[in-house]
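Please open the structure in your viewer and keep the selection tool at hand. The stops below say what to select next and what is to be found there.

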Amino acid sequence: VTSKGELKKYQNAKGEGVLFSFELTDDSGSIRLTGFRETAEKTFEIVQMGKVYAVSKTSVKPANRQFNRSTSEYEMTLNYDSSVELVEDDGSLGQITYKFKKISDLDAVEVNTFVDVIGVVTDVGDIREITTKAGEQLKKREITLVDDSNRSIQLTLWRDRAEAFNAPSGPVPILAIKAARRGEYNGAVLGSSGDTGLEIDVSKIPEAEALRAWYMSGGKDVKPEPLSAGVSNNRSNERRYLGEVKEHDVASLDPSDSKGAYFTTRAYIMAFRKEGKIYYTACPETAKKVTEAGDGQWLCEATGKYYDHCDYRYILGFNVHDVTNSAWFATFNEGGEALLGRPAQEMAMLQNNDPTEYDDVLAQHRYELFSFRVRVKQEEYNGEVRPKYNVMAMSPVEYAAETKLIVDDLAQYHMSA
């Protein structure tokens, strides 16, 4: 078993139930198996990560690529008479296969991409309870990881997984993560889904041995830089003018480059994009888009579940200017809330029901000065290549700190003149 999901509730026209999915891997590849209702509950108790099982009497169908990331073209459904039996591991199947990314490289990974990460656990937070807008109580736990790129990142675990997590032990507590979701909250973060696998105190893979050697030889004494630190006012986050970015960074980007270029800039917000909505309706669990299914229900294709409510999340476009040029930026939920000071649902109600008040709220934030951390990529749209600017973090300008940066820049200019 190389991936074990959570026991998920679902609701459809036939009623409520639970489902459970896991992946089996051998030397030919991997395949996803899913059980429903009593079969799901029974199999969930049997299956354990890293163990070997013999499975029989299942149904086979083409893989649904929207939910299935295994290598097989097919997937298996467990029936009421299916057999899932634990067998002895003779070593012939090998180990879980990872494609690890360095923590420092996650900055350039697209949001909502699934990645494999290995790191040393430096902090395990307490379990916290949060209440969703629907009144549901959710438990979460945040874990901090660091690797030999000298960067750290937070991983969030939810529900039963947050409660059941046992911190790695020993002088170098290593955690390997399979299929973590790359999120965004003032920088890159990691989230867990039903398909996320956690392997604690790994020791049989080369990356774990290299990480252990780095940590013991001095890595534990290095203070890592968090990926989710937001926009800072220090010299390592050098400011760029929009004109410089367009002339140099954008001009040199290739549309096939998925990483793009990063820069920090200080600019005034001049206008907000008027076309379309500034929000989307989102799944309460995954934050992915949901569609209205009638009778007050919302369908999330990512989870296969129907909900009697949805969340509202920002997808906000606005125009910025500095003394050299202008650009259209886009920001998402956290950035929208930081900018407008209102939740997306409130602005959605205004946009749909009171356009005059909606326009007034946006007008209040014109000509405000912000510091932005931005990723720019070249993307092709309708046969035309255009730069796309996504805000990774933003904060109102701290005038004392910004003034000091300007004075330092002037001093360096005079020294080099």
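**Salt bridges between separate parts of the chain**

Begin by selecting Glu75, which counts as buried because its relative accessible area is 10%, under the 20% cut-off. In this predicted model, the side chain of Glu75 meets that of Lys61 in a salt bridge, with 3.9 Å from N to O. The two residues belong to distant parts of the chain, Glu75 sitting in strand E6 (residues 74-87) and Lys61 in strand E5 (residues 52-62), 14 residues apart. Lys61, unlike its buried partner, is partly exposed, at a relative accessible area of 41%.

Next, select Asp148 and Lys102, whose side chains form a salt bridge at 2.5 Å, N to O. Here the link runs between loops: Asp148 is in the one between strand E9 (137-146) and strand E10 (151-158), while Lys102 is in the one between E6 and strand E7 (114-124), 46 residues apart. Asp148 is partly exposed, with 28% relative accessible area, and Lys102 is also partly exposed, at 38%.

Move on to Glu163 and Lys139, which meet through their side chains in a salt bridge of 3.0 Å, N to O. Because Glu163 lies in helix H2 (residues 159-164) and Lys139 in strand E9, this pair ties together parts that are 24 residues apart in sequence. Then select Lys377, Glu379 and Lys388, which are joined into one network by salt bridges that share partners. The count of salt bridges comes to 10.

**A buried lysine**

Which residues are in contact with Lys305, leaving aside its neighbours within four places in sequence? Select Lys305 in strand E19 (residues 305-307), and display its contacts, which are Lys9, Tyr10, Gln11, Glu285, Trp298, Leu299 and Cys300. Lys305 counts as buried, since its relative accessibility is 11%.

**The barrel and the helix across it**

Now colour the strands E15, E21, E22, E24 and E23, which close into a barrel in that order with mixed pairing. From one strand to the next the twist averages 55°. Within the barrel, focus on strand E21 (residues 316-321) and strand E22 (residues 326-331), which pair in the antiparallel sense over six bridges; at one of these, His321 has Ser326 of E22 as its bridge partner.

Finish with helix H5 (residues 333-340), which lies across strand E15 (261-272), E21, E22, strand E23 (369-381) and strand E24 (384-396). Viewed against E21, helix H5 runs at about 60°.

Key
Residues numbered from 1 in each chain as written. Predicted model: local features only at pLDDT ≥ 70, side-chain atom pairs only at ≥ 80, totals over all residues. Heavy atoms only, no water. Pairing = 2+ DSSP bridges. Helix = DSSP H or I, 4+ residues; strand = E, 2+ residues; numbered from the N terminus. Axes fitted to C-alpha atoms, helices over the stretch in contact; angles between N-to-C directions. Contact = heavy atoms within 4.5 Å. Buried < 20%, exposed > 50% of the residue type's maximum accessible area, 1.4 Å probe, protein only. Salt bridge = Lys/Arg side-chain N within 4 Å of Asp/Glu carboxyl O.
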